[in-house]
Amino acid sequence: MAGALLGSFMLFAQFLFGYARETKFCRESRGVTHYNEVLTGHTYKSILTSGIFGCGHVCLADPRCTSYNCQTSAVGRGICELNDGEFSSKRHLVKKQSFVFVQVKWKRRPKSCWEAWKQGARTSGYYIIQGRAECLFYEMYCDFSSEPGWAWTLIMSQSMSRKNEAFAKEPFLKGTFKNQRYPSWENYRIGMRRMWIVRAQSSHWRVTCDFPSYGVDYRDYVKVTFQKLNPMKYHVSGGCRQVEYINIRGHNCSKCTAGWWQTETQFLTHLSDKDACQFGKTFGFLDNEANFGGYWGNNVSTEFRCSSMMTSTTNHWFGCKV
Ligand SMILES: *[C@@H]1O[C@H](CO)[C@@H](O)[C@H](O)[C@H]1NC(C)=O
Ligand SMILES: *[C@@H]1O[C@H](CO)[C@@H](O)[C@H](O)[C@H]1NC(C)=O
């Protein structure tokens, strides 16, 4: 009975608020529920509501409310007492007929795909992630399978057809975001704050080309440690930074330096026509050819998987070993 009642309460509440698919209640009234008992000495507000639905709704909407006592016998509106403070044990409850005590719990969600993995997630796909604010939940795409032993969070993805849009042009130094609640391969970029949250649980970043088609076969691919180059801080034209691995059209090297460009007006890119650093030029280059993003204003090669067609996508990930 109690389960069914609370179950329908959850449904009711989601319907009531019309929450979008990425936003879930960050608190729930599951957990401690006691019939014919109430918590005394913690009530900060007493109102009349339509049963447990109404009382729960008011409590969930008020950050101060940690539990509530609700009159179950009322026909129509009944007493709803909102409690604050910690409820630690049953001995704080007193008997009261026709009332129910319900404790509200915080829901905890992972802050990155790595944390989701630690909590048991093993299947790549969309996960609900928690933002900095206690109540901010949103979807992110997690990849646990393309590189065994690694957990990657998609933080940005663009198709070539979107290369002139602000989210694809603005460097990581700026907090531009795009559809940050709806991960997609074509036009998606999380904002700066969320990037820092994911970065805090990541040691590496990587760029893959057309991940939905190729996954990771290490052709047209790069992986770098944040220690060597942090995209959110890097502000250099043609600096040499060590990469773990880089591959453009089969030209590849491990633990070598490659040239990277990012300025106020240039998104992070590698230019394969510049004979820079250990990696140097890549055969078949075009003049001013951009790789791994930053295509706007640069040349793009159809021989590079990220840019071979208008529908090709460039995918940026933050992640680490699990
Ligand atoms: C990496 O480059 C070497 C030549 O330097 C080549 O033999 C090898 O096939 C390349 N690897 C990939 C995955 O393309
Ligand atoms: C793109 O590359 C081709 C071949 O190298 C060159 O002819 C052309 O001028 C380049 N375009 C730009 C915008 O750099």
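This passage walks through the fold, a set of paired strands and the surroundings of two ligands in a predicted model.

It helps to start with the chain as a whole. The protein chain is built from 6 helices and 18 strands. Its length is 322 residues, and 39% of them count as buried. Turning to contacts in the protein chain with a separation of 6 or more, 60% come from residues 24 or more positions apart.

Strand β6, spanning residues 93-103, offers a good place to look at the pairing in detail. One of its partners is strand β2, residues 33-39, which runs antiparallel to β6 and is joined to it by 6 bridges. Within this pair, leucine 39 lies opposite leucine 93 of β6. Strand β4, made up of residues 67-71, also pairs with β6; the two run antiparallel and share 5 bridges. Here cysteine 70 has valine 100 of β6 as its bridge partner. β6 is thus a strand to which both β2 and β4 are joined in antiparallel fashion.

The two ligands can be taken in turn. Around ligand 1 are found Tyr218, Arg219, Asn247, Gly250 and Asn252. Sorted by class, this shell comprises 3 polar residues, 1 nonpolar residue and 1 charged residue. Ligand 2, for its part, is surrounded by Leu286, Asp287, Asn288 and Asn299. The shell of ligand 2 breaks down into 2 polar residues, with 1 nonpolar and 1 charged residue alongside.

How values were computed. Residues are numbered from 1 along each chain as its sequence is written. Chains are lettered from A and ligands numbered from 1 in the order in which they are written. This is a predicted model: local features need pLDDT of at least 70, side-chain atom pairs count only at pLDDT 80 or more; totals for chains, interfaces and linings use all residues. Two strands pair if DSSP finds at least two bridges between them. Helices (H or I, at least four residues) and strands (E, at least two) are DSSP runs, numbered from the N terminus. A residue is near a molecule or strand if its C-beta atom, placed from the backbone, lies within 6 Å of it. Ala, Val, Leu, Ile, Met, Phe, Trp, Tyr, Cys and Pro count as nonpolar, Asp, Glu, Lys and Arg as charged, and the others, Gly among them, as polar. A residue is buried if 20 or more other C-beta atoms lie within 10 Å of its own, exposed if 12 or fewer, and partly exposed in between; C-beta atoms are placed from the backbone. Two residues are in contact if their C-beta atoms, placed from the backbone, lie within 7 Å.
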